[in-house]
Amino acid sequence: MLSVSFDDIPVSAWTEAGPILAEHGVKATYYVAGGLSGRRNLGLPQFTTEHLQALCAAGHEVGCHTFEHVSTLALSPTDLRASLERNAAWIADRLDGYRMQTFAYPYGDCALAAKKVIDASFTCARGTLDGVNAGRSDRLNLRAIGLESRRLPSYDLEALLAQTRARRGWLIAYGHDVGDRPTPYGCRPLDLNRLITLAKAIDLDILPVAAAWQRMVARDQF
Ligand SMILES: [Zn+2]
């Protein structure tokens, strides 16, 4: 399986990536920090409520990324729990009671004490450690490759996808902005298009993170 995800999220993760996803019939996961809505982050305008409602209506998954977009290394378990609750309430208010099922760690930072808190609220959580999830994997710190201009040149995407298929694994990709001149944390439209095209060429199923996790559990009968 392949999952495609976007973090924070910059406006272009929806306005530029959305049409590419739609063209391929792919549903992605958007990891949202409500506190970033309508603001700027890393120099880029972030999503508005209208973007959020549009991507949810289009069938994409909305996941949690804390409310303030803060590293779990900087939060006590109590403060993390409060941030998750703020984000859950903020999202539910705007998406008709929607409940987020999965989490992505801001900056990829996974504090040991945070895992228990995350486990209580979500089915699984995504980090930013490179690699394919197969065999033994950490459900609370799933591996993911960056759809990021700073990281993409180091990947052999064909090999990663072939490995995913051979090991009956799960490859997760995450990105931020999408455009012809991406930041170091974003990618070009053709990069996203290429990943999806390559995955389809070897018949990987492309599912949002929560749906992929459900399928993994059903398959392996934990
Ligand atoms: Zn983030």
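Is His69 buried or exposed? In this predicted model, His69 is buried, with a relative accessible area of 11%. The close-up views below begin with the zinc site to which His69 contributes a donor.

**View A. Coordination of the zinc ion by Asp8, His65 and His69.** The donor atoms are OD of Asp8 and NE2 of both His65 and His69, at 2.0 to 2.1 Å from the metal. Along the sequence, these donor residues follow the spacing D-x56-H-x3-H. Asp8 and His69 link distant parts of the chain, being 61 residues apart: Asp8 belongs to strand 1 (residues 2–8), whereas His69 lies in the loop between strand 5 (61–64) and helix 4 (77–94). Asp8 is buried, with a relative accessible area of 3%.

**View B. Packing of helix 4 against helix 5 (residues 112–121).** The two helices meet at an angle of about 35°, and their axes are 9 Å apart. The crossing of helix 4 and helix 5 is right-handed. Helix 4 contributes Pro77, Leu80, Arg81 and Leu84, which meet Ala113, Ala114, Val117, Ile118 and Ser121 of helix 5. By class, this contact comprises seven nonpolar residues, one polar and one charged.

**View C. Buried and exposed faces of helix 2 (residues 17–24).** Ala17, Gly18, Ile20, Leu21 and His24 are buried. Seen down the axis of helix 2, the buried residues fall within an arc of 165°, so they line one face of the helix. Their cover includes strand 1, helix 1 (12–15), strand 2 (29–32) and helix 7 (189–201). The face turned away from the buried side carries the exposed residues Ala22 and Glu23. Just after helix 2, Gly25 adopts a positive phi of about 65°.

Definitions and conventions: Residues are numbered from 1 along each chain as its sequence is written. This is a predicted model: local features need pLDDT of at least 70, side-chain atom pairs count only at pLDDT 80 or more; totals for chains, interfaces and linings use all residues. Side-chain values use heavy atoms; hydrogens and water are left out. Donors are N, O and S atoms within 2.8 Å of the metal (3.2 Å for Na, K and Ca); water is not among the atoms, so sites may look incomplete. Helices (H or I, at least four residues) and strands (E, at least two) are DSSP runs, numbered from the N terminus. Buried means under 20% relative accessible area, exposed over 50%, partly exposed in between (1.4 Å probe, protein chains only). Axes are lines fitted to C-alpha atoms, for helices over the stretch in contact, and angles run from 0 to 180 degrees between N-to-C directions. A crossing is left-handed if the near helix is turned anticlockwise from the far one by less than a right angle, and right-handed if clockwise. Contact means heavy atoms within 4.5 Å. Ala, Val, Leu, Ile, Met, Phe, Trp, Tyr, Cys and Pro count as nonpolar, Asp, Glu, Lys and Arg as charged, and the others, Gly among them, as polar. The arc is that of the directions from the helix axis to the C-beta atoms.
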